[in-house]
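This report covers the fold first and the charged side chains after that. Please view the sequence and the model together.

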Amino acid sequence: MTAITNIAKKRILIVEDDPDVREIITLSLQMAGHDVGEAENALAAICNMARAGADLVLVDIGMPIVDGFTLVRELKAHADTRHIPIVVVTGRDTPECRSEARAAGCVGFIAKPLDVHEFPKQIAPFIW
């Protein structure tokens with residue numbers, strides 16, 4: 001995998017409970033030149049946002065305790081995070097999930113499985 005050199009470096013937070021998927025996404029985005037933060041659940045995501053912020057949040061739907069949609073609604077409810085674009089990255093690609101993502105305030109929806117080579121291009125429209 002080669003780095004994409006014609007992009008501006010962005011801070012991207014990945015909220016994903018599966019450590020293997022989190023690692024794959026992290027490596028893909030780092031190779032594209034981004035600064036990546038990781039959170040394995042909603043609470044860790046909120047702490048990460050308070051500490052470091054983000055230009056984009058990528059969130060899985062199916063997480064334990066607090067699901068991704070609840071996290072999105074929480075981030076969109078606060079003045080300091082409501083402007084940050086959020087994209088759902090999930091294996092639950094149904095019309096209902098897509099509709100709920102839009103209703104929660106997400107700007108995009110990417111279905112798993114992911115192509116690590118194409119993934120940075122898929123998120124690019126949400127961070128320019």
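A residue counts as buried when its relative accessible area is under 20%, as exposed when the value is over 50%, and as partly exposed in between. The model is predicted. By that cut-off Asp 60 is buried, because its relative accessibility is 6%. Lys 112 reaches 23% and is therefore partly exposed.

**Fold**

The chain holds five helices and five strands. Along the sequence they follow the pattern β-α-β-α-β-α-β-α-β-α. The radius of gyration is 13 Å, close to the 14 Å that the globule rule gives for 128 residues, so the chain is as compact as a globular protein of that length. Along the principal axes, the C-alpha atoms fill a box of roughly 35 × 30 × 25 Å.

Of the 128 residues, 43% are buried. Among contacts with a separation of 6 or more, 65% join residues 24 or more positions apart. The exposed surface of the chain comes to about 6600 Å². Carbon and sulfur atoms supply 54% of that area.

**Charges and salt bridges**

The chain carries 13 positive and 18 negative charges. Their mean positions lie 6 Å apart. Side chains of opposite charge can pair when their charged atoms come close. How many salt bridges does a search of the whole structure find? The count is seven. The table gives three of them, including their N to O distances.

| Salt bridge | N to O distance |
|---|---|
| Lys 112 – Asp 60 | 3.6 Å |
| Glu 100 – Arg 73 | 3.6 Å |
| Arg 98 – Asp 93 | 2.7 Å |

Take the pair of Lys 112 and Asp 60. This pair links distant parts of the chain, 52 residues apart. Lys 112 sits in the loop between strand 5 (108–111) and helix 5 (119–123). Asp 60 sits in the loop between strand 3 (56–59) and helix 3 (68–76).

Next come Glu 100 and Arg 73, whose side chains meet in a salt bridge. Glu 100 lies in helix 4 (residues 95–104) and Arg 73 in helix 3, so the pair ties together parts that are 27 residues apart in sequence. Glu 100 is partly exposed at 34% relative accessibility. Arg 73 is partly exposed as well, at 39%.

In the third pair, Arg 98 meets Asp 93. Arg 98 has a relative accessible area of 31% and is partly exposed. Asp 93 is partly exposed at 40%. Elsewhere, salt bridges with shared partners join Glu 16, Asp 60 and Lys 112 into one network.

How values were computed:
Residues numbered from 1 in each chain as written. Predicted model: local features only at pLDDT ≥ 70, side-chain atom pairs only at ≥ 80, totals over all residues. Heavy atoms only, no water. Helix = DSSP H or I, 4+ residues; strand = E, 2+ residues; numbered from the N terminus. Rg over C-alpha atoms; globule rule 2.2 N^0.38 Å. Buried < 20%, exposed > 50% of the residue type's maximum accessible area, 1.4 Å probe, protein only. Contact = heavy atoms within 4.5 Å. Areas by Shrake-Rupley, 256 points an atom, 1.4 Å probe, with all protein chains shown as cover. Lys, Arg positive; Asp, Glu negative; His and termini not counted. Charge placed at Lys NZ, Arg CZ, Asp CG, Glu CD. Salt bridge = Lys/Arg side-chain N within 4 Å of Asp/Glu carboxyl O.
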